[in-house]
Amino acid sequence: MSSYLMWMFPVISAGIGWITNYVAIKMLFHPRKPIKILFFTLHGVFPRRKKTLARRLGIIVEKDLFTPDMILDKLKTEENQEKLFKAIMVRVNEFVDEKATQFGPMLQMFGGDAIIQQIRTGMENSVKEMVPKLLDDIGTNISSISIEQVVYEKVMDFSDAKFEDLLMSVIKQELTFIEIMGAVLGFFIGLIQVGILMLA
């Protein structure tokens with residue numbers, strides 16, 4: 001065997017390593033629908049196990065990433081309580097202004113602007129007391145929601161193409177690295193073969 005052909009081994013091995021890993025990665029997602037070939041059925045790993053992956057993802061999200069307690073803790077920060085208070089007070093003041101215009105003559109008989117200000121102050125104090133209780137009620141309702149089920153249903157609603165895009169957006173770099181490593185390892189295996197042939 002000529003030395004030229006011998007040194008082609010690393011290149012050929014690198015090509016085989018890359019192609020093998022490339023095909024293996026493609027088979028994670030394709031074929032998206034089962035294809036029957038004689039006694040074998042070809043079906044991409046992720047499309048075939050979509051239900052299992054969706055369920056496990058839901059469990060992970062609910063237990064470790066996005067629990068009802070985490071949501072409630074975020075809602076009950078002083079900043080969010082202040083935002084909620086201000087938002088409610090905007091509506092309250094709009095309501096008071098509307099009624100003040102509607103019943104203006106009658107209110108003037110009972111103190112006019114002074115009585116309106118008392119109403120505003122009373123409503124403001126009531127809203128301040130109400131906000132923490134309102135957030136507690138929201139927390140109770142959130143706790144009754146199954147985040148696991150919401151995630152499961154959302155993932156199951158994805159088309160196979162959308163599901164592939166979702167996974168690839170997360171692991172594309174890692175899969176590309178695997179392809180490259182296939183070529184690198186193939187190249188080194190080819191070098192080892194050349195070394196063995198030269199020693200022989």
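A residue counts as buried when its relative accessible area is under 20%, as exposed when that area is over 50%, and as partly exposed in between. With that in hand, let us walk through this model, which is a predicted one. Tyr22 makes a good starting point: its relative accessible area is 32%, so Tyr22 is partly exposed. Its neighbour in our story, Trp18, has a relative accessible area of 37% and is therefore partly exposed as well.

These two residues bring us to the aromatic rings. A pair of such rings is described by the distance of the centres and the angle of the planes. Three aromatic pairs are found in the structure. In one of them, Trp18 and Tyr22 are stacked, with 5.2 Å from centre to centre and 20 degrees between the planes. How are Trp18 and Tyr22 placed in helix H2? They sit four residues apart in this helix, which spans residues 8-29, so about one helical turn separates them.

Another pair involves Phe29 and Phe46, whose ring centres lie 5.0 Å apart; because their planes meet at 55 degrees, this pair is tilted. Phe29 belongs to helix H2 and Phe46 to helix H3 (residues 45-48), so the pair ties together parts that are 17 residues apart in sequence. Are Phe29 and Phe46 buried or exposed? Both are buried.

Staying with helix H2 for a moment, have a look at Ser13, which is also found there. Ser13 has 12% relative accessibility and therefore counts as buried. Leaving out residues up to four places away in sequence, Ser13 touches Gly186, Phe187, Gly190 and Gln193.

Now follow the chain onward from H2. His30 and Pro31 are joined by a cis peptide bond, with omega at about -5 degrees. Pro31 itself is placed in the loop between H2 and strand E1 (35-37). A little further on, the loop between E1 and strand E2 (40-42) holds Leu38. The phi angle of Leu38 is near 55 degrees, a positive value in a residue other than glycine. Leu38 has 73% relative accessibility, so Leu38 counts as exposed.

The next stop is helix H4 (residues 50-65), where Lys50, Ala54, Gly58 and Val61 are buried. Why can these residues be said to line one face of the helix? Seen down the axis of H4, the buried residues fall within an arc of 75 degrees, and therefore they line one face. Lys63 and Asp64, on the other side of H4, are exposed. What do the buried residues of H4 pack against? Their partners are H3, helix H9 (147-157) and helix H10 (160-199).

Lys50 deserves a closer look. This residue is found in helix H4, and its relative accessible area is 8%, so Lys50 is buried. Not counting neighbours within four places in sequence, Lys50 is in contact with Val155, Met156, Phe158, Ser159, Asp160 and Phe163. Which ring does Lys50 lie over? Lys50 lies over the face of Phe163, at 5.7 Å from the ring centre. There is also a charge-over-ring arrangement with an arginine: Arg55 lies over the face of Tyr152, at 3.8 Å from the ring centre.

Key: Residues numbered from 1 in each chain as written. Predicted model: local features only at pLDDT ≥ 70, side-chain atom pairs only at ≥ 80, totals over all residues. Heavy atoms only, no water. Phe/Tyr/Trp six-rings, centres within 6.5 Å; stacked < 30°, edge-to-face > 60°. Helix = DSSP H or I, 4+ residues; strand = E, 2+ residues; numbered from the N terminus. Buried < 20%, exposed > 50% of the residue type's maximum accessible area, 1.4 Å probe, protein only. Lys NZ or Arg CZ within 6 Å of the ring centre and 35° of its normal. Arc of directions from axis to C-beta. Contact = heavy atoms within 4.5 Å.
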